[in-house]
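I opened this entry to record what I looked up in the structure shown here. My notes go from the whole chain to single residues.

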Amino acid sequence: SVKVLAISMDPVSVVESWIEEINAMTKTELTFPIVSDTSGEILHSLAMLDRPQTRVVKSRPVVMHSVFN
């Protein structure tokens, strides 16, 4: 009874390419939704972005992997 949703800060075109590559490499079809959140608004509201002081690349936040119940 699990529902999967992925959120990426990449633009839609990058997410679509990523899906095509995974499908080709694994010979499967991703069926869960992937949201493109380039502004980080959704990720920020869910507290899924890393802390600025821990970033390796200072110009862009990193999405933390999260599980919600």
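**Notebook: chain, core and one helix residue**

I began with burial: of the 69 residues of the protein chain, 20% count as buried. I note that the model is a predicted one.

I then looked up the exposed surface. The protein chain exposes about 5,700 Å², and I recorded that carbon and sulfur atoms supply 59% of that area.

Next came the secondary structure. I found 2 helices and 2 strands in the protein chain, and along the sequence they follow the pattern β-α-β-α.

I also checked the contacts with a separation of 6 or more. In the protein chain, 52% of them are accounted for by residues 24 or more positions apart.

For the interior, I looked up the largest nonpolar core. It has 5 residues, namely Ile7, Met9, Leu43, Met48 and Leu49. I followed Leu43 further, leaving aside residues up to four places away in sequence: Leu43 touches Ile7, Met9, Met48 and Leu49, and also Asp37 and Val63.

I turned last to Asn23, which has its place in helix H1 (residues 12–26). Is Asn23 buried or exposed? I entered Asn23 as buried because its relative accessible area is 14%, and the cut-off for buried is under 20%. The side chain of Asn23 reaches the backbone nitrogen of Leu30 at 2.9 Å. With residues up to four places away in sequence not counted, I listed Thr28, Glu29 and Leu30 as the residues that Asn23 touches.

Conventions:
Residues numbered from 1 in each chain as written. Predicted model: local features only at pLDDT ≥ 70, side-chain atom pairs only at ≥ 80, totals over all residues. Heavy atoms only, no water. Helix = DSSP H or I, 4+ residues; strand = E, 2+ residues; numbered from the N terminus. Buried < 20%, exposed > 50% of the residue type's maximum accessible area, 1.4 Å probe, protein only. Contact = heavy atoms within 4.5 Å. Areas by Shrake-Rupley, 256 points an atom, 1.4 Å probe, with all protein chains shown as cover. Core = buried A, V, L, I, M, F, W, Y, C linked by side-chain atoms within 4.5 Å. Polar contact = N/O pair within 3.5 Å; in protein donor to acceptor, adjacent residues only side chain to side chain.
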